[in-house]
There are 2 protein chains.
Amino acid sequence: MNIDDLVADPSMSDDRTLGRLLSLIEDGADGSHGLVAQLYLQGGTASTLGVTGTPGAGKSTLVSQLVFSALEAHPDHARIAVVAVDPTSPFTGGAILGDRIRMGDHSGNVQVFMRSVANRGHLGGLAASTPAIVAALDGFGFAEIMVETVGVGQAEVDVASACHTTVVVVSAGWGDAVQSAKAGFLEIADVYVVNKADRQTADQTVADLQSMLEIGPERSWTPPVVPTVATDGVGVAAVWDAIKNHRTHLAQSGDINARNGAIARATLKGAIEARVSSVADAVADEDIERLVLRTTDPWTLAAAVVAAR
Amino acid sequence: MNIDDLVADPSMSDDRTLGRLLSLIEDGADGSHGLVAQLYLQGGTASTLGVTGTPGAGKSTLVSQLVFSALEAHPDHARIAVVAVDPTSPFTGGAILGDRIRMGDHSGNVQVFMRSVANRGHLGGLAASTPAIVAALDGFGFAEIMVETVGVGQAEVDVASACHTTVVVVSAGWGDAVQSAKAGFLEIADVYVVNKADRQTADQTVADLQSMLEIGPERSWTPPVVPTVATDGVGVAAVWDAIKNHRTHLAQSGDINARNGAIARATLKGAIEARVSSVADAVADEDIERLVLRTTDPWTLAAAVVAAR
């Protein structure tokens with residue numbers, strides 16, 4: 001089936017065509033903005049979950065386990081998508097192969113769709129393409145969309161926090177709570193997971209995080225700190241319960257409105273970045289040469305380029 | 001002295017006023033684009049060095065050592081700047097404190113200026129502000145500008161590779177060469193450093209990287225792979241030599257022109273991102289509400305917002 005048919009009737013989706021569509025969107029191909037815009041208008045029904053954290057903390061293993069939880073929670077055969085952000089990051093160590101193996105738990109399960117986002121070098125980059133991929137999957141009627149970051153920079157954290165619920169995964173013994181607070185984790189986490197909790201340092205890490213979370217301004221939701229041993233599945237049910245509790249809280253408190261607004265604003269920002277990226281790439285070599293010769297400057301040229309859009 | 005005086009005569013710079021100016025530029029304050037534009041026109045004389053690599057590989061230690069090399073190479077008292085990108089990244093572990101201690105090697109040395117860039121959450125973010133900070137320091141007449149990434153995501157790698165020479169630091173035993181190639185390291189590295197080379201795995205890591213670098217398309221420069229033990233200063237002189245060799249190669253081959261063009265284009269892209277960022281932040285709550293209600297979509301709104309600029 002072709003892509004226009006697919007957008008017109010997402011229920012007809014086959015995953016291969018869906019994959020092609022997502023590639024067009026990720027590449028910002030001609031017409032792809034119209035496609036994702038149409039899907040956006042059909043969406044708004046998915047629950048989105050961002051998972052970020054320290055390298056080697058076991059994010060992928062946890063996500064794979066959470067997919068099992070989500071499948072159990074959806075006996076109606078609703079579909080689950082996992083969006084792995086930037087698997088070609090230079091800094092994943094051996095994670096890429098490991099991810100494939102772990103997500104292999106779900107290969108052959110037609111309810112589960114896995115997608116990688118890795119458009120290095122585009123202006124806007126992950127911040128532009130990840131919300132578009134999520135919006136498209138939402139428009140297709142996926143019930144659960146999990147956004148897992150593999151790379152660990154600013155952009156990756158930003159996309160993980162632009163979800164309904166954000167899970168931050170750290171290893172037991174990773175740094176201390178003060179470090180975690182300085183790092184901005186306390187601000188983005190709705191659920192904290194202390195993985196590898198079979199280590200001796202786990203209790204202290206959990207306690208430190210809890211006391212840090214109790215300090216600070218009053219808030220309507222205090223992130224629970226959940227110890228896990230993701231490789232054995234220990235604690236995964238508790239993480240899923242915490243996620244469900246957070247969703248209930250969002251709905252009952254009305255915080256869901258502010259959260260949806262923040263997600264919409266992040267998606268808009270990505271769309272703006274994508275819109276100007278083609279302009280930036282198309283700047284003529286003569287203009288670049290003028291920059292090199294310092295007969296003009298990037299800020300003056302940027303103003304002209306944006307104004308000409 | 002005030003900031004206008006400082007821009008008019010950078011030689012009068014005092015570091016406190018310079019620091020204030022860089023903060024204005026990083027924040028994208030009113031008028032700051034004019035200031036950095038003026039500095040850009042005065043610049044083009046600095047050698048820039050990007051340093052990126054795996055977490056915990058010892059980047060900061062190496063950079064501190066390379067500052068000593070640069071000081072020796074500039075007996076004329078030319079000034080050296082270190083720009084540490086995103087020290088508030090959530091994923092630095094204990095690096096922040098360590099950086100301060102190590103860069104403390106140079107505190108009290110008036111030749112050395114240290115600056116952190118950490119504007120989380122801005123549209124454009126590091127990709128917008130780091131090139132502006134580098135352009136400003138260049139305009140001030142700094143002879144050497146080292147850009148060290150602390151965070152390890154896509155944006156951080158992009159800013160480190162938008163320099164005349166890019167050094168990639170990995171730990172001995174970190175992954176294998178295939179992994180490194182998949183990660184895109186081979187494309188951005190002008191000099192490879194295998195740190196912690198006192199480990200048994202170091203020789204194999206060096207050999208693997210070298211053989212990977214020998215495969216692939218013909219290129220005018222083959223990145224040398226330099227083993228170091230940065231904490232003891234072992235191999236640092238060889239890294240500095242490799243950097244100098246790369247600079248000589250750029251000049252003699254004429255590759256410097258393409259490199260300057262790429263740096264100019266990256267700076268322009270950042271300037272464009274910065275220009276649209278205020279627009280995105282200023283989008284009215286009513287428009288965001290329309291997104292949440294799905295009566296419009298982010299791509300249509302983005303087109304309207306950019307067109308109205």
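Mentor: Let us begin with a definition: two strands are said to pair if DSSP finds at least two bridges between them. The model before you is a predicted one, and in its chain B strand S5 (residues 165-171) and strand S6 (residues 191-195) run parallel.

Trainee: How do you know that strand S5 and strand S6 of chain B pair?

Mentor: Five bridges join S5 to S6 in chain B, and the definition asks for at least two, so these strands count as paired. One such bridge links B:Val167 with B:Val191, the latter in S6(B). In general, strands of a sheet pair through backbone hydrogen bonds, either parallel or antiparallel.

Trainee: What is the order of the strands in the sheet of chain B?

Mentor: The order is S3-S2-S4-S1-S5-S6-S7, and these seven strands form an open sheet with parallel pairing.

Trainee: Why are strand S3 (112-117) and strand S7 (225-227) of chain B called edge strands?

Mentor: S3 and S7 of chain B each pair on one side only, and that is what the name edge strand records here. Between neighbouring strands of this sheet the turn is 20° on average, with direction ignored.

Trainee: Which helix of chain B lies across S5, S6 and S7?

Mentor: Helix H10 (residues 202-214) of chain B lies across these strands, and with respect to S6(B) it runs at about 165°. Angles run from 0 to 180 degrees between N-to-C directions, so a value of about 165° places the two directions not far from opposite.

Trainee: What makes the sheet of chain A an open sheet with parallel pairing, and what is its strand order?

Mentor: In chain A, too, seven strands make up an open sheet with parallel pairing, in the order S3-S2-S4-S1-S5-S6-S7. Its edge strands are S3 (112-117) and S7 (225-227) of chain A, each of which pairs on one side only, and the twist from one strand to the next averages 20°. To take one pair inside the sheet, strand S1 (residues 47-53) and strand S5 (residues 165-171) of chain A run parallel and are joined by five bridges, where the definition asks for at least two, so they also count as paired. In that pair the bridge partner of A:Leu49 is A:Thr165 in S5(A).

Trainee: How are helix H4 (residues 59-73) and helix H11 (residues 236-253) of chain B packed?

Mentor: Two packed helices are described by the angle between their axes and the distance between the axes. For H4 and H11 of chain B the angle is about 65° and the axes are 10 Å apart, and H4(B) passes H11(B) in a right-handed crossing. From H4(B) the contact takes in B:Leu62, B:Gln65, B:Leu66, B:Ser69, B:Ala70 and B:Ala73, while H11(B) brings B:Val236, B:Val239, B:Trp240 and B:Ile243.

Trainee: How do the residues of that contact divide into nonpolar, polar and charged?

Mentor: Eight are nonpolar, two are polar and none is charged. Gln and Ser stand in neither the nonpolar nor the charged list, so B:Gln65 and B:Ser69 count as polar.

Trainee: Which residues meet where helix H2 (residues 15-27) and helix H6 (residues 125-139) of chain B cross?

Mentor: The axes of H2 and H6 of chain B come within 9 Å and cross at roughly 145°, in a right-handed crossing. Here B:Leu18, B:Leu22, B:Ile25 and B:Glu26 of H2(B) meet B:Ser129, B:Ala132, B:Ile133, B:Ala136 and B:Leu137 of H6(B). The contact holds seven nonpolar residues, one polar and one charged; since Glu is listed as charged, the charged one is B:Glu26.

Trainee: Why is B:His74 called buried?

Mentor: The relative accessible area of B:His74 is 16%, and buried means under 20%, so the word applies. B:His74 is found in the loop between H4 and strand S2 (80-85) of chain B, and, its neighbours within four places in sequence aside, it is in contact with B:Ile80, B:Gln111, B:Ala143 and B:Glu144.

Trainee: Is A:Lys196 buried, partly exposed or exposed, and how do you know?

Mentor: At 27% relative accessibility A:Lys196 is not under 20% and not over 50%, so it counts as partly exposed. A:Lys196 sits in the loop between strand S6 (191-195) and helix H10 (202-214) of chain A, and has a positive phi of about 60° although it is not a glycine.

How values were computed
Residues numbered from 1 in each chain as written. Chains lettered and ligands numbered in written order. Predicted model: local features only at pLDDT ≥ 70, side-chain atom pairs only at ≥ 80, totals over all residues. Heavy atoms only, no water. Helix = DSSP H or I, 4+ residues; strand = E, 2+ residues; numbered from the N terminus. Contact = heavy atoms within 4.5 Å. Left-handed = near helix turned anticlockwise from the far one by under 90°. Buried < 20%, exposed > 50% of the residue type's maximum accessible area, 1.4 Å probe, protein only.
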